[in-house]
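These are my notebook entries from a session spent looking through one model. I kept them short, and I wrote down the cut-off for each term where I first needed it.

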Amino acid sequence: MFALIDCNNFYVSCERVFNPKLENKPVVILSNNDGCVISRSEEAKKLGIGMGQPFFEIKKIIQKHSIFVFSSNYKLYGDMSSRVMATLRQIFNEIEEYSIDEAFIGLQSFNNYNLDSLAIKSRQIVKRNTGIPVSIGIGQTKTLAKIASSYAKNESKGIYIIDKYNIDRVLKELPLSKIWGVGDSLSKKISALGINTGLDLKNISPKLIKELFNVTTQKVIYELRGFSCLHIEEASPTKAIIASRSFSKSISNLEEIMEALVNHTSRACEKLRFQNQLCGKITVFVKSKAVIQNDNDKLYNNITYEFNSLSDSNDTILRTAKNCLISIYKNNIAYNKLGIVLHGLKDKSRFIANNLTFEDKCSENVMCIIDKINAKYGKRSIYPASQGRNNSKWLSKSELASSFNPGILLEID
């Protein structure tokens, strides 16, 4: 048996943990630069606010119904996700972090337990430890657990179990596009065969589906029949770390763009050290939306540099990243986005400390102290002066961030 544990309206729930007066109130979270809706409370959904809807389209609805609006706070959401996953690891042995707000659980070691009682208890523990409400779907396979989780959201106790008694009824009502592993594009092709529901797909010949499509689609059929083809995948090492963000407005000034680069690079390096990894290569890229007359000037430009030796040092990576930016920067272009990618990552524990130079060891000690201070006293307690202040033009637009505007209703002129 498998379970899928899904955090309810995750970004909204994170805001509510630190601002209880948002409970039972309509709340929406906006994307980078406050562009569109990326999370809604149930109350906001009932008012007709759609996922991905542009902010400017819903301003009248927001004002009319006194909806709370917040800019996205990804640092908060990432931290809360880590807390939820850590809590789940205290309860279960087999866990796969599927996304920032979802985790598959292997229940093989709980065969002698009442699964309904186990799910209820698990929801209580997560809520008590993190403040985040979750829904739990349970089924014989990961695909069935994924389907069950969508039904769990509509259950008063937040739990739904698909078993041999209700599986056909559930699948008979389920459109193909709603099945994990099928989606809109593939469902249209399968529908041409007269297969329109999950139950139709469950009963079709797996051999025929393999011949017409592929083995991956065939596995979906077996999963719907209760034969597990997809197993819990333990977390694998990150292959790359990306730090990027669109600017609130286009920028052509190198000093301001460099400030953004320092911030992104420092954040990526901190994550690199947290994961106990070393970096072998970096890629710096810039983008522009401007219409450029000169064909030699590109709307997107990037450069990759490979280090002679692996590093996790801010000094080494920052120095190189700055040189990379200078080499691709054009002073006649207004850029709207910049980012850095750390790749060629290796597990630091596999490298002998004796291979480090005296300079590397000193830098490692300094970085360790800085990371500990920032972890204890908050982000940016200590940071390079070249990172600048938080009022920089390159920062994404987030006028409604909860840290600046906690729980204040949006007023529109």
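Which residues of H1 are buried? I looked these up and found Phe10, Tyr11, Val12, Ser13, Cys14, Glu15 and Arg16, where buried means under 20% relative accessible area, exposed over 50%, and partly exposed in between, with a 1.4 Å probe and protein chains only. I note that this is a predicted model, in which local features need pLDDT of at least 70 and side-chain atom pairs count only at pLDDT 80 or more, while totals for chains, interfaces and linings use all residues. Residues are numbered from 1 along each chain as its sequence is written, and side-chain values use heavy atoms, with hydrogens and water left out.

**Entry: overall make-up**

I recorded 14 helices and 13 strands for the protein; helices (H or I, at least four residues) and strands (E, at least two) are DSSP runs, numbered from the N terminus. Of the 413 residues, 45% count as buried. Taking contact to mean heavy atoms within 4.5 Å, I noted that residues 24 or more positions apart account for 66% of the contacts with a separation of 6 or more.

**Entry: helix H1 and the core around it**

I returned to H1 (10-18), which is largely enclosed by the rest of the structure because 7 of its 9 residues are buried. The buried residues of H1 pack against E1, E2, E3, H2, E4 and H4.

I then looked for nonpolar cores, each a set of buried Ala, Val, Leu, Ile, Met, Phe, Trp, Tyr and Cys residues joined through side-chain atoms within 4.5 Å. The largest has 33 residues, and those with the most contacts inside it are Phe10, Leu88, Phe92, Leu107 and Ile132. The elements that each supply at least two residues of this core include H1, strand E2 (27-30), strand E4 (68-71) and strand E6 (102-106), and H4 gives the most, with 6 residues. Leaving out residues up to four places away in sequence, I listed what Ile132 touches: Cys7, Phe10, Ser13, Cys14, Val17, Met80, Val84, Val126 and Lys127. Apart from this core lies another, of 28 residues, among them Ala268, Cys269, Ile282 and Ile340.

**Entry: cysteines**

How many disulfides does the structure hold? I found 0, a disulfide being a pair of cysteine sulfur atoms within 2.5 Å. The sulfur of Cys7 is too far for a bond because the closest cysteine sulfur, in Cys14, is 7.4 Å away. Cys279 is in no disulfide either, and the nearest cysteine sulfur, that of Cys269, is 7.4 Å away. I also noted that Cys7 counts as buried at 3% relative accessibility, as does Cys279 at 0%.

**Entry: one cavity and one pocket**

For these I worked from a 1 Å grid over the protein atoms alone: a cavity is a set of points where a 1.4 Å probe fits but cannot get out, a pocket is an open set with protein on both sides within 12 Å along at least five of seven lines, and lining residues have an atom within 4 Å of a point. Grid points are joined across faces, edges and corners, and a volume is the space filled by probe spheres set on the points.

I found 1 cavity of 30 Å³ or more, with about 40 Å³ of space in it. Its lining consists of Ala3, Ile5, Phe92, Leu107, Leu118, Ala119, Ser122, Ile136 and Ile138, and H5 gives the largest share, 3 residues. By class the lining divides into 8 nonpolar, 1 polar and no charged residues, where Ala, Val, Leu, Ile, Met, Phe, Trp, Tyr, Cys and Pro count as nonpolar, Asp, Glu, Lys and Arg as charged, and the others, Gly among them, as polar.

The second largest pocket holds about 970 Å³ of space. Of the 39 residues that line this pocket, Asp6, Asn8, Asn9, Lys45 and Lys153 lie nearest its centre. I counted its lining by class as 13 nonpolar, 11 polar and 15 charged residues, and H6 supplies the largest share, 6 residues.

**Entry: two loop residues**

Ile333 sits in the loop between helix H13 (314-328) and strand E12 (335-343) and counts as buried at 2% relative accessibility. Thr197 is in the loop between helix H8 (183-191) and helix H9 (198-203), and at 18% relative accessibility Thr197 also counts as buried. Setting aside neighbours within four places in sequence, I found Thr197 in contact with Leu171, Lys172, Leu174 and Leu176.
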